[in-house]
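Here are my comments on the model you sent, set out as numbered points. Please read them with the sequence and the coordinates open.

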Amino acid sequence: MIKQTKINTRYFILCVLLFAGGITLGQNTVSPYSIFGPGEIQSKGFGTNTGMGGAGIAMESGNYLNNLNPASYAGMDSLRLIVEFGLQGKSYSLNTSRNSHSGFTGNLAYLAIGFKYTPWLAGSFGVVPFSSIGYSIDRVNYVEGIYHQYTSNYVGSGGISQLYYSNAARLGKHLSLGATVSYMFGSLIQEENLVATTIVPSIMLVRTDYMRSMYVDFGVQYKFKTDKRDYSLGLTFALGQSLNSRHSVSLYNSSGTLMQSDDYNTDYLAVPNIIGTGLGIKADKYTFALDYTFQNWSGIRYPIQNDGFVDSHKFTMGIELNPWEKRAVNVFYKNWSYRFGMNYESSYLTFGNSNIKDRSFTLGFGIHLYDGLSKLDLSVTGGMKGTQSNNLLQEKYILFNVGFSLNEMAFIKRKIN
Amino acid sequence: MNSKTILGLLGLLMLMSCEEDHLTISVGDNFIKSETTVALVDSMTVNMSSFKIDSIATSSCGYLLAGKYSDPFFGEVRCTGYCQLDLPSYTSIDDDEVLDSICIELPYSGTSYGDTLTLQTIKIHRVLEDIEATDIDASYIYNTSSFKYDTQALGEKSWNPRPNQNDKLEVRLSDELGADFMNMLKDNNDGIDITSDFVDYFKGVAVVSGSENTALLSFVADTSLKIVLYTHLIEEEKIEKSYIFPYASSLEQFNNISSDVSGFSIEALSTQRENISSGAMADMAYLQAGTAIVTRLDFPSLSRIFEVENKNYLYKAELVLRPITEIPRPVPLPESLTLYTTDKYNNFVSQITDTNGDAVYATFYHDEFFNEDTYYVFDITNYLYSELSGNYVDPNNGLLVMFGSSEFYGTVNRVVFDARSGSSYRPYLNLYYIFYN
C-alpha cells in the first residue's frame, strides 16, 4: 500500500536549482539569420508537443504541461504538481553556394512548473527561451571619403529568455481562458570587429541590449465531445509591442582599452502581433493537432537590416499514437507513445525575392517512467531552413529533444506497510 | 530512478552546456546595414602663413657656413662663418725651426647650396673684436651678429668645390701669420706663458664669401677644423714638423646669415609677431633655416568638430603638406620636419609628441621620378586630442612647421609649401572617424 506523506524537501531544492539554472538558459542558435530582429524566435512547447512538431494550441495540459496556449493549464489533471524540463541538442550544417560548416551544440532548453489551485483554476511558471542569437558574419565595407575597403566581423550571442507566469480558468464544461505575464530578460550582444588595414584601426564595438520588459499573451480553448472523440479549438493572441531594453555601446581600441561607451534605455526591439489557431481531435488511440500561427512582422524595422520584414505564416501538424492499452505487464514499447509532426513556416525574413522558409519533420516517443505518470519524452526533428540561392544560406539541422515531465507523485515518499 | 538520481542528473546537465566557435560567414551580408561608418573627413580648412624670427642663435650649431647663393624664392643668401682657434697642445718647438707655411683646413660637411660648378672664392679674415655672446645671458651668438675683421685677408682660395668628393678645403694663410705663430710658440717654449692671451692675440677667423660666388658651402665645425703650421728643422737631416691650432670652442663658433630679399615675396616678412598669410604671398608658405623664416598653420574651423552630432570616435588626425614643385630643385627637400605648438605671438611653445611622449616627425613621401606626388604627413592625433580636450578650441593656437633637430640653426635648408586651394595642392587636415550608433 502506498501512503502519501509529505512533499519531499528535495523537491523544493530541485525547484530552486531549476530556476537558478533557468537564468542561464543556453542558446542553441548558430545561424547568420539570427542577426535580424530579436534573434531567432524559439519554438514553444515542452516534451509532448515538441514530439508532435510543436503543434497543440488546442490541446489541454493533462499529466504534462502545454505552454502553447495559456488556457491549456485548466486541463491539468487534478491537484498535481508537474515539473517540466528539457534539454536540446542541435546538429547542424550551414551551407552556402561556396562553403559549408557543421557542428553540434547543446543546452538546457526550458524549465516549468504547473499546479492546480482548484478544480477550475490552474497555473504555471517557468523559464523558456524566447529568442536566441548566434552568428559570425563578415561584411565588406568601404571607408567614406576615400576608396578603401575593410572588413567588419559581426559576432552575435545571447538571447531573450522569458520568465512567465500563466493562469488558466475553466468556465463551464467547454471553455477555458488563460493569460500569461512574462518578464523578458537576457542580453543580446553584438560585437563588431573592424579588421585593421593601413587606414582602419583594429576596433571593437560591443552593442548590448539588456532586456527588461514585460510581455503579455492570452489564450482560449473550447472543447466538446462526441461519442468517440473529443474535439477542441484553440486561439492564442500576443499583442505586438516594443520591448524595453538598456542599450549599451562600447568602443574598444586595438589594445582592448575601453575608449568610449554610452548606454541608454530604448525600445527599438519590437515583437509583432502573434495570433495562433489550433484544432485538436482526441480519441482513445490517437491525438491529432493542427495549428496555424500568424506573426504580423511587416512594418517592424530594426536598424541592422536593409529591408523590412514580412508577415510570417506557420503551419504545424502533429499526431500522437497510443496503439496499445497501457498495462504494467506490457512489453515496454507497448506502453510508449509515438508521435509525428510536420512543420512549414514562411518566416519574416525576406531577402530580395527569397523568403526564408523552414520545413521540418519530427519523430517522437513518450516513455512512461516508473510511476506511470512521469514521462520521458524524446524527439528528433530534421529540418531545413533557408536557401542557397541569391547568395543566401541554407541551414540543415537535426534537433534532439529530451524532455522530462515529472509529476508530483515522483517526489512522494513511499512507505510500504 | 529515485529523486536523488534525478537531482544528480540535473546538476550534471546544468553544467553541460556546450557551444562551438561560430562559422564566420559572409552570407547575406548585403542585407545587413552597417551601423558603423569609417570616414575620412578632409574638409577642415588649414590656413598657412609665414613669419620671420628677428634673430636666432647660430652659435654651437656644429657647422660653419660660408659663401652665397641665389635662391628662386628666398633671394640671395649669404653666410660668413666665425670661429676661434686654440694653441697646439704640443708645443716643444726648437728655436732653430724654420717656417714653411701656414694653412687653415675646413672639413666639408657634404652640404652645399646653389651652383658649385663655377669658380668659388673663400677669404679667411682675422677677426679684430672678441667673439663673444652679446645677449644678457652671454650664452648665445646670433645669425644677425657680426664682428669686425681685418679688411686684409689672411688668405684666400678660388677653386671648384667638390664637397661630396673631397673631405676638406685647405686655404694657405699669410707667411706673416705663420711667423707670428712660430715665434709665439718659441716664446712659450722659453717659459713665457701665452696660453691665456692667445685668444686675445688671435681672436679668430671669419670665413668670408668672394663677391662672385654662386654657392654656399657648409663645413663641419669640430676639431677637424684647424690651422696647421708647417716648419722644418735641419740637423743631420731635414725634419718636417707641424703644429695644429685646433677649433677652440663651440660657444664662440657661429654663422652670420643674411639674405637680400628685395623683390621677393618674403620681403614682406619682418618680425616674429606678424605672420603673413599665404594668400598675400603668392599662395605659398615659407620655411627657411638660418634666416629663420617659419611656416605657421591655423585650423580656423576646428571647433566644428564639436558640432558632429553622431556618436563618433576620432581615431586619427593627420596633416598633409605639399612642397611646391621645382624642377630642378636648387636645394634638396628636407627629410625631417616637425611641428611645434604656438600661440598668437608665434612663440615656439612645445614640440608635439605622440602618445608615448616621443616627438612627432613627418613621414616624407618623395616622388623622385616625377617630382609631383611629394608630400609630408604628420600624425597629429595626440596634439588634436589635447587641443580638443575641455571641449573648447583656442582660436589663437596653431602649429609651426620646423626642421627636425638642429637643422634650423646650422643650415640654410628651406622648403616652400603649396597653399593653393586646388584639391591636389592644398594642405589637408585629414580626420579619420568612426561613426557609430
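The points below begin with conventions and then take up chain A, a strand and a helix of chain B, and the nonpolar cores.

1. This is a predicted model, in which local features need pLDDT of at least 70 and side-chain atom pairs count only at pLDDT 80 or more, while totals for chains, interfaces and linings use all residues. Residues are numbered from 1 along each chain as its sequence is written, and chains are lettered from A, with ligands numbered from 1, in the order in which they are written.

2. Chain A has two helices and 17 strands, where helices (H or I, at least four residues) and strands (E, at least two) are DSSP runs numbered from the N terminus. Of its 417 residues, 45% count as buried; a residue is buried if 20 or more other C-beta atoms lie within 10 Å of its own, exposed if 12 or fewer, and partly exposed in between, with C-beta atoms placed from the backbone. Among the contacts in chain A with a separation of 6 or more, 64% are between residues 24 or more positions apart, a contact being two C-beta atoms, placed from the backbone, within 7 Å.

3. Is K223(A), in strand β7 (residues 203-225) of chain A, buried or exposed? K223(A) is buried, because 20 other C-beta atoms lie within 10 Å. Not counting residues up to four places away in sequence, K223(A) touches H174(A), D230(A), Y231(A) and S232(A). D307(A), by contrast, is 84 residues from K223(A) in sequence and 42 Å from it in space, C-alpha to C-alpha.

4. Strand β5 (residues 75-83) of chain B is mostly covered, with seven of its nine residues buried. β5(B) pairs in the antiparallel sense with strand β4 (residues 63-71) of chain B over five bridges, pairing being defined as at least two bridges found by DSSP between two strands. β4(B) and β5(B) form a hairpin with three residues between them, and Y69(B) stands opposite V77(B) in β5(B). β5(B) also pairs in the antiparallel sense with strand β14 (residues 254-260) of chain B over seven bridges, where Y82(B) stands opposite F254(B). Three bridges join β5(B) to strand β10 (residues 205-209) of chain B, again antiparallel, and here G81(B) stands opposite V207(B).

5. In helix α2(B), the residues G178(B), F181(B), M182(B), M184(B) and L185(B) are buried. They are on the same side of α2(B), because they cover an arc of only 160 degrees around the axis, the arc being that of the directions from the helix axis to the C-beta atoms. E176(B) and N183(B), on the other side of α2(B), are exposed. The buried residues of α2(B) pack against β6 (98-114), β9 (168-173), β12 (226-234) and β13 (238-246) of chain B.

6. The largest nonpolar core (a set of buried Ala, Val, Leu, Ile, Met, Phe, Trp, Tyr and Cys residues joined through C-beta atoms within 7 Å) has 114 residues, of which L64(B), V207(B), L216(B) and V401(B) touch the most other members. Its largest share, six residues, comes from strand β25 (residues 428-436) of chain B. Domain 1 (39-54 + 271-436) and domain 2 (63-259) of chain B both give residues to this core, so it lies between them; the domain bounds come from an automatic or database domain assignment. Apart from this core lies another, of 31 residues, among them V155(A), M184(A), Y215(A) and L269(A).
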